[in-house]
Amino acid sequence: MINVTNDTKLLPPECPVRSMKKTLGMKVPAQKDSDGKFYYLNCKPVDRYTRSGYGGREIICPMCDTVSTVYHFSWSALSCQHCDSMIDKRHWWTIK
């Protein structure tokens, strides 16, 4: 059995684990509407109907505006890898 976290150089370049590492640190600017609420252009909030698909799905942290990749949505809250804050599922954003 291969330990994926330690042996990433053995994986092919198109592997989702490698693409997850490439997205670390990418920031998305937040917009503010007329009511004073923040939102992201061409994005929607994660809800109970959001699915990730085979290749995973990118989500945006509402605290630090950083993009991360997830491969399932069977969680109620997730800790951001960048700012270490625990955030409920309904506060994360994803691309439409």
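## A guided tour: strand 5 and its sheet

Begin at Glu58: in strand 5, the bridge partner of this residue is Thr69. The model on display is predicted, and the tour moves outward from this pair to the sheet and then to the chain as a whole.

**The strand pair.** Select strand 4, residues 57–60, together with strand 5. The two run antiparallel and are joined by 4 bridges. A second pair to pick out is Ile60 and Val67, the latter being the bridge partner of Ile60 in strand 5.

**The hairpin.** Next, display the segment linking these strands, which places 6 residues between them. Within this hairpin, centre the view on Asp65, whose phi is positive, near 60°.

**The faces of strand 5.** Show the side chains of strand 5 and inspect each face in turn. Val67 and Thr69 lie on one side, Ser68 and Val70 on the other. All four are buried, and both faces of the strand are thus covered. Thr69 is also the residue bridged to Glu58, and Val67 the one bridged to Ile60.

**The sheet.** Extend the selection to the open sheet of 4 strands, in which the order is 3-8-4-5 and the pairing antiparallel. Strand 3 (43–45) and strand 5 (67–70) each have a single partner strand, so they form the edges and one side of each lacks a neighbour in the sheet. Viewed across the sheet, neighbouring strands are turned against each other by 40° on average, direction ignored.

**The whole chain.** Now show the full chain, which has 1 helix and 8 strands. From the N terminus, the order of elements is α-β-β-β-β-β-β-β-β. Of the 96 residues, 27% are buried. With a surface display switched on, the exposed area is about 6,900 Å², of which carbon and sulfur atoms supply 56%. Among contacts between residues at least 6 apart in sequence, 43% join residues at least 24 apart.

**Confidence.** Finally, colour the chain by pLDDT. The mean is 76, and 74% of the residues reach 70 or more. Among the elements, strand 7 (residues 86–88) has the highest mean pLDDT, 91, and helix 1 (residues 16–22) the lowest, 42. Select residues 1–8, where pLDDT is below 50; this stretch has 8 contacts in the model beyond near neighbours in sequence. Then select residues 16–23, over which pLDDT stays under 50 and for which the model has 20 contacts beyond four places in sequence. Where pLDDT is low, predicted coordinates should not be read in detail.

Technical notes: Residues are numbered from 1 along each chain as its sequence is written. This is a predicted model: local features need pLDDT of at least 70, side-chain atom pairs count only at pLDDT 80 or more; totals for chains, interfaces and linings use all residues. Side-chain values use heavy atoms; hydrogens and water are left out. Two strands pair if DSSP finds at least two bridges between them. Axes are lines fitted to C-alpha atoms, for helices over the stretch in contact, and angles run from 0 to 180 degrees between N-to-C directions. Buried means under 20% relative accessible area, exposed over 50%, partly exposed in between (1.4 Å probe, protein chains only). Contact means heavy atoms within 4.5 Å. Accessible areas come from the Shrake-Rupley method with a 1.4 Å probe; for residues, only the protein chains shown count as cover. pLDDT is the predictor's confidence in each residue, from 0 to 100.
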